[in-house]
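User: Hi! Could you walk me through this one? I'd like to chat about the fold, the pockets and anything odd in the backbone.
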Amino acid sequence: MAVVNVRAVPGSKEDIPPLFGIRSDAAVEIRAAASDKVGRTPRLLILAAAVLMIGVYLFPLWNVRLTAPQYPEGLGMHVRINTVVGATENDLDNINNLNHYIGMKRIEPESIPELRYMPWIVAAVVVTGLATAAIARRKLVYAWTAGFLLIAVAGLADFWKWEYDYGHHLDNEHAVIKIPGMSYQPPLIGAKQLLNFRATSWPALGGIMAGIALALAVLAVVLAWREHQRSPALR
């Protein structure tokens, strides 16, 4: 194919030197497409974020712990990606027995639908993250990180709602201890006094890994945006 020489108008598409063997308009399209690719660092950050998310299958996402004078060693439960388990063998049963006295529902993992969906949602985040790192398109990096952020916010909001439901919707008809106006919602994060129990709630290792993964994804977006500002796509 012959090289096309076009009189250049400053600031126009034709102001780009033609590539040998390629029409000048095709050269513009090729260079514009290349400018949409992110650099090595954002790509590696997205890859690391996707790989880190595998950790939520291996480690608990959240820890909730109760301490009181009659339980100086404390009672705890771990929220995992697909279940809720006691910190020790009998902790979850003991927590459910205590909840019965104040009218709270039993914590039964099989009745929590989110625990059935979460493994699939996280799997989608991991797979699409690996694909994003492989394709390395700037807009795809933006979209994946935005989706990841929305899932993280929705997950925290749903966990707060779950705690609210258990702490506020009490069975006062069968409760042994009834205190008008009292609710027993544990904190989403931090510590809170509930009668003679002190409840603490903190991210566990899996949750920390997910938080780091999200931070890496946001950093990848920032770096990709800076790259684009330095070398904007040709239009």
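Analyst: Happy to! One term before we start, for when we get to pocket linings: Ala, Val, Leu, Ile, Met, Phe, Trp, Tyr, Cys and Pro count as nonpolar, Asp, Glu, Lys and Arg as charged, and the others, Gly among them, as polar. Also keep in mind that this is a predicted model.

User: Good, then let's use those classes straight away. By class, what does the lining of the second largest pocket have?
Analyst: The lining of the second largest pocket has 18 nonpolar residues, along with two polar and two charged ones.

User: And what volume does the second largest pocket have?
Analyst: The volume of the second largest pocket is about 410 Å³. Its lining is made of 22 residues, and those closest to the centre are Leu66, Asn99, Ile102, Met104 and Leu194.

User: Which elements give two or more residues to that lining?
Analyst: Strand 1, helix 3 (91-102), helix 5 and strand 5 (197-203) do. Helix 3 gives the most, with five residues.

User: OK, now the largest pocket. How much space lies in it?
Analyst: About 810 Å³. There are 33 lining residues, and the closest to the centre of the largest pocket are Leu61, Met118, Ala152, Gly155 and Leu156.

User: Which helices supply at least two residues each there?
Analyst: Helix 4 (114-135), helix 5 and helix 6 (205-230) each do that. Helix 5 gives the most to the lining of the largest pocket, with eleven residues.

User: By class, what does the lining of the largest pocket have?
Analyst: It has 27 nonpolar residues, three polar ones and three charged ones.

User: Let me step back to the fold. How many helices and strands does the protein have?
Analyst: Six helices and five strands. Reading from the N terminus, the order is α-α-β-β-β-α-α-α-β-β-α. Of the 235 residues in the protein, buried ones make up 35%.

User: How many bridges join strand 1 to strand 2?
Analyst: Six, and the two strands run antiparallel, with strand 1 at residues 62-68 and strand 2 at residues 71-79. The hairpin joining strand 1 to strand 2 goes through two residues. In that pairing, tryptophan 62 stands opposite valine 79.

User: And what about strand 2 with strand 3?
Analyst: Strand 2 also pairs with strand 3 (residues 84-86) in the antiparallel sense, over three bridges. Here the hairpin has four residues between the strands, and histidine 78 of strand 2 stands opposite valine 85 of strand 3.

User: Changing topic: how many aromatic pairs are there?
Analyst: Six aromatic pairs. One of them is phenylalanine 159 with tryptophan 162, which is stacked, at 5.8 Å centre to centre and 20° between the planes.

User: How far apart in helix 5 are phenylalanine 159 and tryptophan 162?
Analyst: They are three residues apart in helix 5 (residues 138-168), so about one helical turn separates them. Both phenylalanine 159 and tryptophan 162 are buried.

User: Which aromatics form one cluster?
Analyst: Trp62, Phe159, Trp162 and Tyr166 do. Trp62 is the residue that stands opposite valine 79 in the strand pairing. Tyr166 also has a charged neighbour: lysine 105 lies over the face of the tyrosine 166 ring, at 5.1 Å from its centre.

User: Let's look at glutamate 163. Is that one buried or exposed?
Analyst: Glutamate 163 counts as buried because its relative accessibility is 2%, and the cut-off for buried is under 20%. Its place is in helix 5. In space, glutamate 163 and tyrosine 184 are 8.8 Å apart, C-alpha to C-alpha, with their positions 21 residues apart in sequence.

User: Last topic, the backbone. What phi does alanine 136 have?
Analyst: A positive phi of about 60°, although alanine 136 is not a glycine. Most residues other than glycine have a negative phi. Alanine 136 lies in the loop between helix 4 and helix 5, and at 1% relative accessibility it counts as buried.

User: And what about leucine 195?
Analyst: Leucine 195 has a positive phi too, of about 55°, and is not a glycine either. It lies in the loop between strand 4 (190-194) and strand 5. With a relative accessible area of 36%, leucine 195 is partly exposed.

Key: Residues are numbered from 1 along each chain as its sequence is written. This is a predicted model: local features need pLDDT of at least 70, side-chain atom pairs count only at pLDDT 80 or more; totals for chains, interfaces and linings use all residues. Side-chain values use heavy atoms; hydrogens and water are left out. Two strands pair if DSSP finds at least two bridges between them. Rings of Phe, Tyr and Trp (its six-membered ring) pair if their centres lie within 6.5 Å; planes under 30 degrees apart count as stacked, over 60 as edge-to-face and the rest as tilted. Buried means under 20% relative accessible area, exposed over 50%, partly exposed in between (1.4 Å probe, protein chains only). A charge sits over a ring if NZ of Lys or CZ of Arg is within 6 Å of the ring centre and within 35 degrees of the ring normal. On a 1 Å grid over the protein atoms alone, a cavity is a set of points where a 1.4 Å probe fits but cannot get out, and a pocket is an open set with protein on both sides within 12 Å along at least five of seven lines; lining residues have an atom within 4 Å of a point. Grid points are joined across faces, edges and corners, and a volume is the space filled by probe spheres set on the points.
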